[in-house]
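Me: I should like to go through the classifications assigned to this model and the reasoning behind each. Please set every value against its definition.

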Amino acid sequence: MKQARGSGGASGGASGEAEDDNIQVVPVESTSKKARILDAEGLSLGCEIATSKKKARDLVDYSFHRFASSDEPWEVPEWFLDDERKHRKRPMPVTKEMVEEYKQKWKEINARPIKRVAEAKARKKRRMLKKMEQAKKKAEAVVNTADISEREKMAQLK
């Protein structure tokens with residue numbers, strides 16, 4: 001997306017070439033839903049917005065305050081500005097119980113094994129069972145032979 005600064009927009013000829021210097025390329029932000037992963041606080045806030053129109057309206061009303069759009073530069077030290085940025089924001093109106101509930105849900109989701117990991121473990125278990133069956137068959141064959149001594153049977157089993 002390109003944005004032109006300056007006067008007019010549809011000027012012709014040589015002045016159009018001069019305006020190319022004023023064109024600013026603005027990167028487009030991705031609004032992909034996959035890229036947005038909310039934390040427990042965001043999920044609980046989204047739950048409140050989705051379940052109650054009144055809470056959604058109150059949240060919008062709550063977001064307007066005297067420091068909401070303070071963009072003018074101040075003649076103050078940088079540490080003061082950092083402190084103001086930290087303490088200027090109002091806390092989110094969500095309960096600790098809801099946040100803990102969503103944190104617990106995330107822990108449960110993360111604790112579940114991924115499908116591929118589970119499949120790999122099952123393959124490994126199948127291979128081990130197959131090797132054990134082969135070893136049992138060999139051991140039975142060695143034990144069932146009558147023409148060799150016990151000492152030789154033990155050596156073959158090892």
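Reply: In this predicted model, helices α2 and α5 pack at an angle of about 120°, their axes lying 8 Å apart.

Me: Why is α2 called oblique to α5?

Reply: Angles under 35 degrees count as roughly parallel, over 145 as roughly antiparallel and 65 to 115 as roughly perpendicular, the rest being oblique. The angle between α2 and α5 is about 120°, and therefore α2 is oblique to α5. The crossing of these two helices is right-handed.

Me: Which residues of α2 and α5 meet?

Reply: From α2, the residues are A40, E41, L43, S44, C47 and E48, and they meet M98, V99, Y102, K103 and W106 of α5. Contact here requires heavy atoms within 4.5 Å.

Me: What makes S44 buried?

Reply: Buried means under 20% relative accessible area. S44, a residue of helix α2, has a relative accessible area of 0%, and therefore counts as buried. Leaving aside neighbours within four places in sequence, S44 is in contact with V94, M98, V99 and Y102.

Me: Why does E41 count as partly exposed?

Reply: Partly exposed covers the range between buried, under 20%, and exposed, over 50%. E41 has a relative accessibility of 39%, so the term partly exposed applies. E41 also lies in helix α2, and touches M92, V94 and V99 when residues up to four places away in sequence are not counted. E41 and T95 are 54 residues apart in sequence, while their C-alpha atoms are 9.1 Å apart in space.

Me: What makes up the largest nonpolar core?

Reply: This core has 6 residues in all: A40, L45, L59, V94, V99 and Y102. Helices α2 (40-51) and α5 (96-111) each supply at least two residues of the core. Membership requires buried residues of the listed nonpolar kinds, joined through side-chain atoms within 4.5 Å. As a general tendency, nonpolar side chains in soluble globular proteins are buried together. One of the core residues, A40, touches V99, Y102 and K103, not counting residues up to four places away in sequence.

Me: Where does the record place a coiled-coil region, and what is the helix content of that stretch?

Reply: The unreviewed UniProt entry carries the annotation "coiled-coil region" for residues 115-152. In the model, the chain over residues 115-152 is 87% helix and 0% strand. The end C-alpha atoms of that stretch are 47 Å apart. The label itself comes from the record, and such annotations may be inferred rather than shown by experiment.

Definitions and conventions:
Residues are numbered from 1 along each chain as its sequence is written. This is a predicted model: local features need pLDDT of at least 70, side-chain atom pairs count only at pLDDT 80 or more; totals for chains, interfaces and linings use all residues. Side-chain values use heavy atoms; hydrogens and water are left out. Helices (H or I, at least four residues) and strands (E, at least two) are DSSP runs, numbered from the N terminus. Buried means under 20% relative accessible area, exposed over 50%, partly exposed in between (1.4 Å probe, protein chains only). Axes are lines fitted to C-alpha atoms, for helices over the stretch in contact, and angles run from 0 to 180 degrees between N-to-C directions. A crossing is left-handed if the near helix is turned anticlockwise from the far one by less than a right angle, and right-handed if clockwise.
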